[in-house]
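Trainee: Could you take me on a close look at one part of this structure? I would like a connected account that I can follow residue by residue.

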Amino acid sequence: MARHFALTVHLHDRRYHGADEWPPAPARVFQALVAGAAQGRHVPEDAARALKLLERLAPPVIAAPVARRGQRVSLFVPNNDLDAVGGHPDRVGEVRTKKTVQPHLLEGEAPFLYAWPLLEEGDAPHLKALFES
């Protein structure tokens, strides 16, 4: 019988703002796991080993909750170009750019499910380090 590493993901406000991506790519989940495991710039050795193992696994099967597209809105956000205004944070309003978003609105409370097939029987205990660090 095949064994899998299964991860459920719940969104805080049942909205997903990824641009034209449905369901969210496994790379986004991986980024969240790295951010959650990191302690500043340092990733503990057990967590780093687990992340490297996860990188080697085949892509996961993804189960996504039912969702519908929300209203398209325009936001004005910093353009990440503070150098253009001499590096002065007080002038961030001068480097704003328009960003149009159209979220996916999740129906009900169902989470996302990502299930990676494990390579070996002993892989599962190593992956637990991602949740214990």
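Mentor: Let's start at G70, which sits in the loop between β4 (67–69) and β5 (73–78). Bear in mind as we go that this is a predicted model. G70 is buried, because its relative accessible area is 9% and the cut-off for buried is under 20%. Leaving out residues up to four places away in sequence, G70 touches Q102, P103 and L105. For a sense of distance, take G40: G70 and G40 are 30 residues apart in sequence, and their C-alpha atoms are 35 Å apart in space.

From there, move to H104, which belongs to strand β7 (residues 104–106). H104 is buried too, since its relative accessibility is 7%. What does H104 touch, not counting residues up to four places away in sequence? The list is R14, R15, Y16, E21, W22, A67, R68 and R69. Several of these residues deserve a stop of their own, so to speak, and E21 is a good one to take up next.

E21 is placed in the loop between β2 (15–16) and α1 (26–37). Its side chain reaches the backbone nitrogen of A25 at 3.2 Å. The side chains of E21 and R28 are also joined, by a polar contact of 2.6 Å. With neighbours within four places in sequence set aside, the contacts of E21 are Y16, R28 and H104, which brings us back to the histidine we just left.

Y16 and W22, both on the contact list of H104, have a relationship of their own. A search of the whole structure gives four aromatic pairs. Y16 and W22 make up a tilted pair, with 6.2 Å from centre to centre and 55 degrees between the planes. The pair counts as tilted because 55 degrees falls between the limits of 30 for stacked and 60 for edge-to-face. How do the two residues compare with the cut-offs for burial? Y16 is buried, because its relative accessibility is 9%, whereas W22 is partly exposed, because its relative accessible area is 31%. Elsewhere, ring pairs link F5, Y114 and W116 into a cluster.

Stay with W22 for a moment and look at the backbone. The peptide bond from W22 to P23 is cis, with omega near -5 degrees. P23 lies in the loop between β2 and α1, as does E21.

R14, also touched by H104, has a backbone feature of its own. Its phi is near 55 degrees, a positive value in a residue other than glycine. R14 is located in the loop between β1 (4–9) and β2, and its relative accessibility of 37% makes R14 partly exposed.

To finish, follow the chain into α1. This helix packs against α2 (residues 45–56) at an angle of about 175 degrees, with the two axes 10 Å apart. The two helices are therefore roughly antiparallel to each other. By class, their contact has seven nonpolar residues, one charged residue and no polar residues. On the α1 side the residues are F30, L33, V34 and A37, and they meet A47, L51, L54 and E55 of α2.

How values were computed
Residues are numbered from 1 along each chain as its sequence is written. This is a predicted model: local features need pLDDT of at least 70, side-chain atom pairs count only at pLDDT 80 or more; totals for chains, interfaces and linings use all residues. Side-chain values use heavy atoms; hydrogens and water are left out. Rings of Phe, Tyr and Trp (its six-membered ring) pair if their centres lie within 6.5 Å; planes under 30 degrees apart count as stacked, over 60 as edge-to-face and the rest as tilted. Buried means under 20% relative accessible area, exposed over 50%, partly exposed in between (1.4 Å probe, protein chains only). Helices (H or I, at least four residues) and strands (E, at least two) are DSSP runs, numbered from the N terminus. Contact means heavy atoms within 4.5 Å. A polar contact is a pair of N or O atoms within 3.5 Å; within protein, one must be able to donate a hydrogen and the other to accept it, and residues adjacent in sequence count only if both atoms are side-chain atoms. Axes are lines fitted to C-alpha atoms, for helices over the stretch in contact, and angles run from 0 to 180 degrees between N-to-C directions. Angles under 35 degrees count as roughly parallel, over 145 as roughly antiparallel, 65 to 115 as roughly perpendicular and the rest as oblique. Ala, Val, Leu, Ile, Met, Phe, Trp, Tyr, Cys and Pro count as nonpolar, Asp, Glu, Lys and Arg as charged, and the others, Gly among them, as polar.
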